Amino acid sequence: MKILVTGGAGFIGSHLIDRLLEDGHEVICADKLVFGDKSIPHLDRRFLESGRFKLYEMELAEQKNTDKLFFENKIDAVYHMAANSDIRKGGEEPSIDFNDTFLTTRVILEGMRKFDVKNIFFASTSAVYGEMPYMELTELAGGLKPVSYYGGAKLASEALISSYVSMCNMNAVIFRFPNVIGPRLTHGVVFDFINKLQKNPRVLEILGDGKQCKPYLYVLDLVEAIAKLTKEFKPGEEIYNISVKGEGTTVTHIAEIVVDVMGLKSVKFKYTGGDRGWKGDVPQFQYDISKILSTGWKPENTSDEAVRQTVIDVLGAMR
Ligand SMILES: NC(=O)c1ccc[n+]([C@@H]2O[C@H](COP(=O)([O-])OP(=O)(O)OC[C@H]3O[C@@H](n4cnc5c(N)ncnc54)[C@H](O)[C@@H]3O)[C@@H](O)[C@H]2O)c1
């Protein structure tokens, strides 16, 4: 297939591109390079030289840019990964999520409608559920009330996708990711702890009370799930929660693992207090993943294993 990956220069998108190229697809990556890295790091030279990869540096929330992309390429499927990934920054400035998380979806769907592209895979999030700590979340949970602009923009994107599926006979697979970590990570709690400890190996500031407890999925497990559902793609619309083997892990335990892998001793944890890291953060949730497990995919790593391996990956990349 000829596949468009939006946000393909980002953390998850770059791993997905590696995998799609490995599976023999032709890939077009469209990204405004928020992190400023044109090299799409990591991409294996074999793939770059295969002639099956093309990069468009562009703002995706502009219809004329996206139309040009669809006009110049006969796209079979879109993996819409572009979004704002700095949820705290989006909390201070709602227009970031409106533009990068929601408007990009609207513009992509309009481009797909105009150029008759039928298949979309969408990177959604646990943030669409809002706060429901008292239940295991299934894809059928209703009355969703996101508590961040980011979650609101993703839920609105999901709703818009459903309407295009119905109005334009499109097909959609919506993945609701938990926290995703692994090599090439550029943000999030594991990344922050490593950076803070490199600056000050004696004291680690921890946002909240450290009891926030969530699943942390290893990025290569996630990419396996997406690759599997690409191969077994069925018409219509499906939503999948994706998560880890076993339970989530707490922020304090993440700090302990980071300290351990970095070989540090006697680090003092300084909590900022409160039950969450920032306004809009969801301190705990747990997914029911029976639907994705029924496809035959299963995660290789627990949250703790994913955290430990990610610290090794990130430190390795810094050397
Ligand atoms: N990382 C996680 O833990 C996590 C969890 C749940 C959902 N997700 C979703 O997965 C997707 C990928 O996340 P990630 O962690 O790789 O993020 P990332 O920030 O590393 O990658 C996102 C990419 O999108 C690009 N982008 C953003 N807005 C754009 C715009 N308006 N025009 C063009 N390019 C734009 C950025 O330049 C960046 O390269 C996102 O949709 C995110 O919401 C991520």
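The following dialogue introduces the sheet of this predicted model and two helices that pack on it.

User: In what order do the strands of the open sheet stand, and in which sense is the pairing?

Analyst: The open sheet is built from seven strands, and their order is β3-β2-β1-β4-β5-β7-β12, with parallel pairing. Strands β3 and β12 (237-241) each have a single partner strand and stand at the edges, so one side of each is left without a neighbour in the sheet. From one strand to the next, the twist averages 15 degrees.

User: How should I read the pairing of β1 with β2, and how many bridges does it have?

Analyst: As a general idea, side chains in a regular strand alternate between the two faces of the sheet. In this structure, five bridges pair strand β1 (residues 2-6) with β2 in the parallel sense. Along this pairing, Ile3 stands opposite Val27 in β2. Between the two strands the chain passes through helix α1 (residues 11-22), and this β-α-β crossover is right-handed.

User: Which strand pairs with β2 besides β1, and how many residues of β2 are buried?

Analyst: Strand β3 (residues 53-57) pairs with β2 in the parallel sense, again over five bridges. Asp31 has Glu57 in β3 as its bridge partner. Strand β2 (residues 26-31) is mostly covered, since five of its six residues are buried.

User: What joins β7 to β12?

Analyst: Strand β7 (residues 171-177) runs parallel to β12, and five bridges join them. Here Phe175 stands opposite Tyr240 in β12.

User: Which strands do α5 and α6 touch?

Analyst: Helix α5 packs on the sheet and touches β1, β4 (77-80) and β5 (119-125); the direction of α5 makes about 180 degrees with that of β4. Helix α6 also packs on the sheet, where it touches β5, β7 and β12, and the direction of α6 makes about 155 degrees with that of β5.

User: Why are α5 and α6 described as roughly parallel to each other?

Analyst: Angles under 35 degrees count as roughly parallel. Helix α5 (residues 94-114) and helix α6 (residues 149-168) pack at an angle of about 10 degrees, and their axes are 9 Å apart. The two helices are therefore roughly parallel to each other.

User: Which residues meet in this contact, and what are their classes?

Analyst: From α5, the residues include Pro94, Phe98, Phe102 and Leu109. They belong to a set that meets residues of α6, among them Tyr149, Ala153, Leu160 and Tyr164. By class, the contact of α5 with α6 has twelve nonpolar, three polar and four charged residues. Arg106 and Arg113 in α5 and Lys154 in α6 are also among the residues of this contact.

Conventions:
Residues are numbered from 1 along each chain as its sequence is written. This is a predicted model: local features need pLDDT of at least 70, side-chain atom pairs count only at pLDDT 80 or more; totals for chains, interfaces and linings use all residues. Axes are lines fitted to C-alpha atoms, for helices over the stretch in contact, and angles run from 0 to 180 degrees between N-to-C directions. Helices (H or I, at least four residues) and strands (E, at least two) are DSSP runs, numbered from the N terminus. Angles under 35 degrees count as roughly parallel, over 145 as roughly antiparallel, 65 to 115 as roughly perpendicular and the rest as oblique. Two residues are in contact if their C-beta atoms, placed from the backbone, lie within 7 Å. Ala, Val, Leu, Ile, Met, Phe, Trp, Tyr, Cys and Pro count as nonpolar, Asp, Glu, Lys and Arg as charged, and the others, Gly among them, as polar. A residue is buried if 20 or more other C-beta atoms lie within 10 Å of its own, exposed if 12 or fewer, and partly exposed in between; C-beta atoms are placed from the backbone. Two strands pair if DSSP finds at least two bridges between them. A crossover is right-handed if, with the strands pointing away from the viewer, the path from the first strand over the helix to the second runs clockwise.
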